[in-house]
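Have a look at this one with the chains coloured separately. The notes below go through the fold, a sheet and the way the chains meet.

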2 protein chains.
Amino acid sequence: MNLPHLTDARAPLVREVDAVDEHGQAQRVQIPAERDLTVYVDKRELVTLMTLGARPEWLVLGYLRNQRFVTSPQHVESITVDWEVGAAAVKTRSGIDRIEERTARRVVTTGCGQGSVFGALMDDVQSIALPQARLTQAQLYALVNVIRLQESTYKSAGSVHACALFHGSQMQVFVEDVGRHNAIDTIAGWMWMHGVDTTVATPDTPYVFYTTGRLTSEMIIKSAQMGVALVVSRSGITQMGHQIAQQLGLCAIGRATNKHFLCYSAPERLLLQPELAASRLSP
Amino acid sequence: MNLPHLTDARAPLVREVDAVDEHGQAQRVQIPAERDLTVYVDKRELVTLMTLGARPEWLVLGYLRNQRFVTSPQHVESITVDWEVGAAAVKTRSGIDRIEERTARRVVTTGCGQGSVFGALMDDVQSIALPQARLTQAQLYALVNVIRLQESTYKSAGSVHACALFHGSQMQVFVEDVGRHNAIDTIAGWMWMHGVDTTVATPDTPYVFYTTGRLTSEMIIKSAQMGVALVVSRSGITQMGHQIAQQLGLCAIGRATNKHFLCYSAPERLLLQPELAASRLSP
């Protein structure tokens, strides 16, 4: 498989600034970085992304994937990120079909699940068939515990969203960004670079997305597009997220902290083990 | 003053759905509504906004304002929202100048501060002169307390962001939305409809924005554009938000809960009263 060549551009993820607290005391605090990254596809400006900047090449690749500008990583020859000029240069193997037309329609999506969805993305969500996949309550608890223990920019600087991809309760990749749409796009890019094929997952070890953010329509759609049938969030769900999850038979689990959770849709994908909720020790 | 004629379209803000909890028990829970509202300007499709739907007419007016498609409410003759078809029809008095060109450039901004900023918005932020305005720590505490007591969709259904405009510690308007960029746009629309002129505020009773969301570059810019020199958030700040706030001399206050806060920029706009932080009773 002919994977794209990616640079490995790095930049600091946090910055120290001075603040004044309620006691009138100066405090040196960490805040997350936020950079503008302008994406050029074959020398044509496509979009400017505001990002933490942790893994910009995966972000750009996943952005192109989730916007369906490219349907295979093999279509991309290289992605070259240069933080000096805030630019990501994408070189494709044979151009992007109808790029003008496809960037013409705009949808400003909800809040953190934001305006990166240009096109008629919602139009063919219905055609997605999700893989057989079932998670046990024990796996869910183990997964939430892995997130709890994860070192993060959030812990040091706050104000970022995290997404992670799990295989069963094994974390595959963990990404933070100032926008969680960026975090999920970065995971999509990572999946392509690592040849992850969610359709061949064994039913008992499903792929699961975790997000700290709300389960909006955009998050549900992106998850479904990547063939992930279970999404877990610390937050709640919006009406459109709920509706689409139900239509797709995607299992959306919210309010997942410690032993608590709410399964909003496709409960048949969650093997309940209520006895685990009652016990005092972590499973 | 010739204000636009607005409809008063209403739709339910929450919806009840069934969920299953960790004990395997069915729970009836409330989730926030999320609707698509396609904005047509003089019969030309402009954008689709995903919104809670609390005050769609103010949202559309404020969106046009914050995107700088219109520079005065008098340029808009009417905004007609019809939830049956999910459409907002904007009729202008004399069209919008160069609308094609101005929607061509896209910036996908950070997370909750999302992709509704099309144009070269950042380019002339530097030219903004903010009004003289200073808040006391007592006013800040009173303001945070008003928010704490506010009835809200958040309390009943979660997963929404709130913004509010204060005059001193008096709340003028409180708006929730699934996207906080929508909430701040709705406030911008409200301000126009109610003739609020922030430039004539007395220095001791400043206008203040409150937001539950993070202080991203977009939130700081929008606040500055509306002439509001102080922004208060329950959350933190991102690097670009911080940078722009410093450049503008806009006072950005984060982590504001109970008596705690961090003032990240323009501390000269905050009259510190550290003795209030030490006392046990609310001011």
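## Chain A at a glance

Of the contacts in chain A with a separation of 6 or more, 57% are between residues 24 or more positions apart. Keep in mind that this is a predicted model. DSSP-wise, chain A comes to 8 helices and 16 strands. Chain A has 283 residues, and 51% of them are buried.

## A sheet built from both chains

Now for the sheet. It's an open one of 8 strands with mixed pairing, and its order is 3(A)-2(A)-15(B)-14(B)-13(B)-12(B)-10(B)-11(B). The edges belong to strand 3 (26-32) of chain A and strand 11 (170-177) of chain B; each has a single partner strand, so one side of each is left without a neighbour in the sheet. From one strand to the next, the twist averages 30 degrees.

Within chain B, strand 12 (residues 207-211) and strand 13 (residues 230-233) pair in the parallel sense, over 4 bridges. If you want a spot to zoom in on, B:Phe209 has B:Val231 in strand 13 of chain B as its bridge partner.

## Helices across the strands

Two helices of chain B are worth a look here. Helix 5 (residues 180-193) of chain B lies across strand 10 (161-167), strand 11 and strand 12 of chain B. Its direction is at about 135 degrees to strand 11 of chain B.

Helix 6 (residues 217-225) of chain B, in turn, lies across strand 12, strand 13 and strand 14 (251-257) of chain B. Against strand 13 of chain B, helix 6 of chain B runs at about 145 degrees.

## How the two chains meet

What rotation superposes chain B on chain A? A rotation of 180 degrees, with 0.0 Å of shift along its axis and an RMSD of 0.0 Å. That's the relation of a two-fold axis. 100% of the interface residues of chain B are also interface residues in chain A, so the copies meet through the same surface.

In all, 54 residues of chain B are in contact with 54 residues of chain A. On the chain B side, the elements giving two or more residues include strand 3 (26-32), strand 5 (44-51), helix 7 (239-248) and helix 8 (274-278) of chain B. Strand 2 of chain B gives the most, with 5 residues. By type, the chain B side splits into 24 nonpolar, 22 polar and 8 charged residues.

Strands pair across the chains too: strand 15 (residues 260-263) of chain A and strand 2 of chain B run antiparallel, joined by 2 bridges. There, A:Leu262 has B:Asp21 in strand 2 of chain B as its bridge partner.

Key
Residues are numbered from 1 along each chain as its sequence is written. Chains are lettered from A and ligands numbered from 1 in the order in which they are written. This is a predicted model: local features need pLDDT of at least 70, side-chain atom pairs count only at pLDDT 80 or more; totals for chains, interfaces and linings use all residues. Two strands pair if DSSP finds at least two bridges between them. Axes are lines fitted to C-alpha atoms, for helices over the stretch in contact, and angles run from 0 to 180 degrees between N-to-C directions. Two residues are in contact if their C-beta atoms, placed from the backbone, lie within 7 Å. A residue is buried if 20 or more other C-beta atoms lie within 10 Å of its own, exposed if 12 or fewer, and partly exposed in between; C-beta atoms are placed from the backbone. Copies are superposed by least squares on the C-alpha atoms of residues with pLDDT of at least 70 in both. Ala, Val, Leu, Ile, Met, Phe, Trp, Tyr, Cys and Pro count as nonpolar, Asp, Glu, Lys and Arg as charged, and the others, Gly among them, as polar.
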